[in-house]
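Grab a coffee and work through these four short exercises with the model open beside you. Try each task before you read its solution.

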Amino acid sequence: MTIYDELKARGLIAQVTDEEKIKEVINNGKATFYIGFDCTADSLTAGHFMALTLMKRLQMAGNKPIALIGGGTTMIGDPSGRTDMRKMLTKEDIDHNAECFKRQMERFIEFGEGKAMMLNNADWLLNLNYIELLREVGPCFSVNNMLRAECYKQRMEKGLSFLEFNYMIMQSYDFYHLFQNYGCNMEFGGDDQWSNMLGGTELIRRKLGKDAYAMTITLLTDSQGKKMGKTAGNAVWLDPNKTSPFEFYQYWRNVGDADVLKCIRMLTFLPLEQIDEMDHWEGEQLNKAKEILAYELTSMVHGAEEAEKAQSAARQLFSGVADHENMPTTQLDAALVKDGKVGLLAAMVGAKLCGSNREARQLVQQGGVLVDGEKVTDPTFGLTVEQLQNGVVIKKGKKTYHKVML
């Protein structure tokens, strides 16, 4: 099976500019391709998994990846998939986030001489002269076409700032720059980036008279069509200090029955023949599939040792035995103590089991919370300082355990 056929069989390909040419280039290991990562946080998330694993698959097939850190484009902010404008970050914030991204990417991609490259578009975008840029690339963009692009259409009702309107031009310029200076002939990205990517191929064609190619990756969504990679309103981070290996494992262990095989197919490196055999699994077998998914992804991000620990802890919890050593633990802020106690709702929000007191109160009143094995339905319930010094285990719903301490 060729690499292109494998990507198709795994359900990863959404849209392509020239299928026959892209097949030929990547199947023969002749693609120098890039994927951009804007530095909007100090960690990559589970939502970046598709891009990271795609880069790894293509590199294993002999193609050359460029991981493009968006030090410049982050200063503008991508409007794709947004209903509001992104928070403006300082250059210092962006530089710090870029360094964090680099360390995490090295777990997936092999960098070095003749291998993958890591570049930062701040190196060329921040030096551009505005008038020169307008004269060089402005005539290549039709405002009418830009306004029809999906990434802008959804923002028109609430208001699209001129700052964000420039994003397509900046992303297109990246491809143009990489094509000229690094021989980059392909761009890959999420399906919500299609308009921006077409802007790049068109700019290269109009300015240089040459062909470049683009392919979008299927967005990772659940059976309800919602983007995967968030839990309790928070992103699932690759940084173990933001999402512990156990919590990361548990996220994937708890995916819906309808989503588990799709996730295994898209995100893991298990052979397709093995995955095809799982297609008929049901009932308890789906729980086994979820364990396989969670173990494979946790091992990829945090290493086999952490994956083993997380799996062991999860199995004990599912059997009703709490593994306190490997359980995710939060040290609560001492300022939460009132009259010798920390309110249960405050403890749950502090441990990020809930996004707000209101959400926590509703969960408690509905009987969805156990404290050290005992159901608590009183939202005014408090945890004593003495209890918290020894550690209190809060169970949320059927599957989520968390220890809180002072």
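**Exercise 1: A98 and its surroundings**

With a relative accessibility of 4%, A98 counts as buried. Keep in mind that the model is a predicted one.

Task: find the helix that holds A98, then list what A98 contacts beyond its neighbours within four places in sequence.

Solution:
- Step 1. Locate the residue: A98 sits in helix α4, residues 91-105.
- Step 2. Check the burial call: buried means under 20% relative accessible area, and A98 comes in at 4%.
- Step 3. Skip the neighbours within four places in sequence, and A98 is in contact with C39, I69 and N120.
- Step 4. Now look at D38: 60 residues separate D38 from A98 in sequence, yet their C-alpha atoms are 8.3 Å apart in space.

**Exercise 2: S172 and its side chain**

Task: work out whether S172 is buried or exposed, and which backbone oxygen lies 2.7 Å from a polar atom of its side chain.

Solution:
- Step 1. Place S172 in helix α10, which covers residues 167-182.
- Step 2. The relative accessible area of S172 is 0%, so S172 is buried.
- Step 3. Follow the side chain: a polar atom of the S172 side chain lies 2.7 Å from the backbone oxygen of M168.
- Step 4. Leave out residues up to four places away in sequence, and S172 touches F141, N196, G199, G200 and L203.

**Exercise 3: How α3 meets α13**

Task: decide how the axes of α3 and α13 cross, and sort the residues of the contact by type.

Solution:
- Step 1. The axes of α3 (residues 49-60) and α13 (residues 260-267) come within 9 Å and cross at roughly 40 degrees.
- Step 2. That crossing makes α3 oblique to α13.
- Step 3. Pick out the residues: α3 brings F49, M50, T53 and R57, while α13 brings R265, M266 and L267.
- Step 4. Sort the residues of this contact and you get four nonpolar, one polar and two charged.

**Exercise 4: The buried face of α18**

Task: which residues are buried in helix α18, and what do they pack against?

Solution:
- Step 1. In α18 (residues 357-365), the buried residues are A360, L363 and V364.
- Step 2. Look down the axis of α18: the buried residues fall within an arc of 100 degrees, so they line one face of the helix.
- Step 3. As a reminder, an α-helix has 3.6 residues a turn, so residues three or four places apart point the same way.
- Step 4. The buried residues of α18 pack against α17 (344-350), β11 (369-371) and β14 (392-396).
- Step 5. Just after α18, look for G367, which takes a positive phi of about 80 degrees.

Notes:
Residues are numbered from 1 along each chain as its sequence is written. This is a predicted model: local features need pLDDT of at least 70, side-chain atom pairs count only at pLDDT 80 or more; totals for chains, interfaces and linings use all residues. Side-chain values use heavy atoms; hydrogens and water are left out. Axes are lines fitted to C-alpha atoms, for helices over the stretch in contact, and angles run from 0 to 180 degrees between N-to-C directions. Helices (H or I, at least four residues) and strands (E, at least two) are DSSP runs, numbered from the N terminus. Angles under 35 degrees count as roughly parallel, over 145 as roughly antiparallel, 65 to 115 as roughly perpendicular and the rest as oblique. Contact means heavy atoms within 4.5 Å. Ala, Val, Leu, Ile, Met, Phe, Trp, Tyr, Cys and Pro count as nonpolar, Asp, Glu, Lys and Arg as charged, and the others, Gly among them, as polar. Buried means under 20% relative accessible area, exposed over 50%, partly exposed in between (1.4 Å probe, protein chains only). A polar contact is a pair of N or O atoms within 3.5 Å; within protein, one must be able to donate a hydrogen and the other to accept it, and residues adjacent in sequence count only if both atoms are side-chain atoms. The arc is that of the directions from the helix axis to the C-beta atoms.
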